[in-house]
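Me: I would like a close look at a single part of the structure below. Please pick one part, stay with it, and bring in packing and pockets where they bear on it.

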Amino acid sequence: MARNGEIIERRRIRYEPEPTRFIYHHAAEIPSSAAEALIGSARVQAAEKARKEIATLIAAVHGRGKTIVGAGVPGGNARLPKSLGEILTAHSRIHAAEGAFYRDVLAEACPLASLAVTRAPERDLWVLASKAVRCSEDALREQFVAMGKRLGPPWGKDQKLATLAAFIALK
């Protein structure tokens, strides 16, 4: 995204670990003694894949004469227990942990590509982005409707959150 709000690149960064992208769901199905190692291994795999994907993205954008100056990564809204055992006992926490896993891996990979990372909780993105671009939240939502029509699919929740995070990072 350029400073004027122009979308210059849209792509999905793929950095899911093996054997599954639902790593906490998988961990809940195996002995607890193996779950910690599984998640640790998955984190290393995902981080390396994210690093490579970010490098590819930066090169593609640079090849078109643009420079990526930072990254915005939405933060989660849920507070998770510190204990893996506690996380794995509740399905809602498993989902929250998987979301946190991917957001954190991405945020940790960006500095490896010399990108400063801005994080904000998902629930605050609309308010913070509207302040960053100096317009009302309602006006920003209207701009997003128009942007979605102009860009076409995909323009779902993930794309909107990423764009809001980018506006905040560009502030």
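Reply: Two residues are in contact when heavy atoms of theirs lie within 4.5 Å of each other. The model is a predicted one. The part chosen is helix 4, which covers residues 91-109.

Length is a simple check to begin with. Helix 4 has 19 residues, and at 1.5 Å a residue these should span 27 Å. The C-alpha atoms at its two ends are 27 Å apart, so the model agrees with the expected value.

Next, the side of the helix that faces inward. The buried residues of helix 4 are Ile-94, Ala-96, Ala-97, Glu-98, Ala-100, Phe-101, Tyr-102, Val-105, Leu-106, Ala-107 and Ala-109. What do the buried residues of helix 4 pack against? Their partners are helix 1, helix 2, strand 1, helix 3 and strand 2.

Part of this packing belongs to the largest nonpolar core, a set of 30 residues. Tyr-15, Tyr-24, Leu-88 and Phe-101 have the most contacts inside that core. Two or more residues of this core come from each of helix 1 (23-28), helix 2, strand 1, helix 3 (84-87) and helix 4. Helix 2 is the element that gives the most, with nine residues. Tyr-24 shows one link to the chosen helix: leaving aside neighbours within four places in sequence, its contacts include Ile-94, Ala-97, Glu-98 and Phe-101. The other contacts of Tyr-24 are Ile-39, Leu-84, Ile-87 and Leu-88. A second core stands separate, with twelve residues, among them Ala-120, Leu-140, Leu-164 and Ile-168.

Helix 4 also takes part in the walls of open space. The largest pocket holds about 1800 Å³. It is lined by 48 residues, and Leu-106 is one of those nearest its centre, along with Arg-11, Ile-13, Asp-158 and Ala-162. Helix 2 (32-63), strand 1 (71-75), helix 4 and helix 7 (157-170) each give two or more residues to this lining. Helix 7 gives the most, with ten residues. The lining of the largest pocket divides into 27 nonpolar, 14 charged and seven polar residues.

The second largest pocket holds about 320 Å³. Its lining has 14 residues, with Gly-75, Gly-76, Asn-77, Ala-78 and Arg-103 nearest the centre. Helix 4 and strand 2 (117-121) each supply at least two of them. By class, this lining has six nonpolar, five charged and three polar residues.

Finally, the way out of the helix. Pro-111 is located in the loop between helix 4 and strand 2. Its relative accessible area is 46%, so Pro-111 is partly exposed. Arg-51 is 60 residues from Pro-111 in sequence, yet the two C-alpha atoms are 9.3 Å apart.

Beyond that loop, Val-117 belongs to strand 2. With a relative accessible area of 29%, Val-117 is therefore partly exposed, since buried would mean under 20%. Leaving aside its neighbours within four places in sequence, Val-117 is in contact with Ala-71, Val-73, Ala-107, Cys-110 and Pro-111. Ala-107 in this list is one of the buried residues of helix 4. Leu-88 lies 29 residues from Val-117 in sequence, and their C-alpha atoms are 29 Å apart.

Terms used
Residues numbered from 1 in each chain as written. Predicted model: local features only at pLDDT ≥ 70, side-chain atom pairs only at ≥ 80, totals over all residues. Heavy atoms only, no water. 1 Å grid on protein atoms, 1.4 Å probe; cavity = no way out; pocket = protein on both sides within 12 Å on 5 of 7 lines; lining within 4 Å. Points joined across faces, edges and corners; volume = space filled by probe spheres on them. Helix = DSSP H or I, 4+ residues; strand = E, 2+ residues; numbered from the N terminus. Nonpolar A, V, L, I, M, F, W, Y, C, P; charged D, E, K, R; others polar. Core = buried A, V, L, I, M, F, W, Y, C linked by side-chain atoms within 4.5 Å. Buried < 20%, exposed > 50% of the residue type's maximum accessible area, 1.4 Å probe, protein only. Expected span 1.5 Å × (residues − 1).
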